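Welcome! Let's take a friendly walk through this structure, one sheet at a time.

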Amino acid sequence: MMFATIYLPNFCLQAATRHQPELCEQSVALIEEHERKPVVIQLNEAAENAGIRKGMTPSQALGRSLRVVIKVRAPTQEKSIQEILLHYAFTLSPFVEDTASGVCTVQFTNCCNLSEKVGRVIEQLAECEIRAQAAVAPTSDSSFLAAHLARAVLQIENPKEFLAPLPIETLAMAAT
């Protein structure tokens, strides 16, 4: 038995900017507008490179870079992307768990060509303007962690060998 985790990095930010490809190269920060004091909850690499960090207020973010685009969380788009993710996951196996926002876990009983099959789903998601990465592993936990480190699809056969050299910070990164 094997598991695959399909992970959509910066899920909420992806949902808010999905149909705005012109924002790909710009600094973008996402806020939850319904909070008493809205703060940045996700940001892209360009915003991070501009010195913007999670937890900053929009005015603090703008203080770091006047070019940052502040987007508001879009729950309807998040729901839509999650449904698309699950749709494609179910093309792999009938055993799919809606693990978290932007994450699903697939259990396989037939273990032939899994990286190739999961890779096709990653490509199909890309055609839908959804950036995803995935990992295939013997346990759901190791596939979850490896998916956060993948750059498309990563398959690991021995979780202990894979996990042993990783710094403990990697676990914290995967938990966020």
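The paragraphs below follow the strands and how they pair.

Keep in mind as you look around that this is a predicted model. A little background helps before we begin: the strands of a sheet are held in pairs by backbone hydrogen bonds, and the pairing can be parallel or antiparallel.

Let's begin with the sheet of five strands. This sheet is open, its pairing is mixed, and its strands follow the order S5-S6-S1-S7-S8. At the edges you will find strand S5 (96–100) and strand S8 (153–155), each of which pairs on one side only. Going from one strand to the next, the twist averages 20°.

Now look inside this sheet, at strand S1 (residues 2–7) and strand S7 (residues 133–137). Five bridges link S1 and S7, and the pairing is antiparallel. To find one of the partners, go to tyrosine 7, whose bridge partner in S7 is glutamine 133. A helix joins the picture here: helix H5 (residues 114–127) packs on the sheet, where H5 touches S1, strand S6 (103–108), S7 and S8. The direction of H5 makes about 160° with that of S8.

Next comes the sheet of three strands. This one is also open with mixed pairing, and its order is S3-S2-S4. Its edge strands are strand S3 (40–43) and strand S4 (69–72), each pairing on one side only. Here the twist averages 35° from one strand to the next.

How do strand S2 (residues 28–31) and S4 run, parallel or antiparallel? They run parallel, joined by four bridges. To spot a partner pair, find valine 28, whose bridge partner in S4 is valine 69.

Definitions and conventions:
Residues numbered from 1 in each chain as written. Predicted model: local features only at pLDDT ≥ 70, side-chain atom pairs only at ≥ 80, totals over all residues. Heavy atoms only, no water. Pairing = 2+ DSSP bridges. Helix = DSSP H or I, 4+ residues; strand = E, 2+ residues; numbered from the N terminus. Axes fitted to C-alpha atoms, helices over the stretch in contact; angles between N-to-C directions. Contact = heavy atoms within 4.5 Å.
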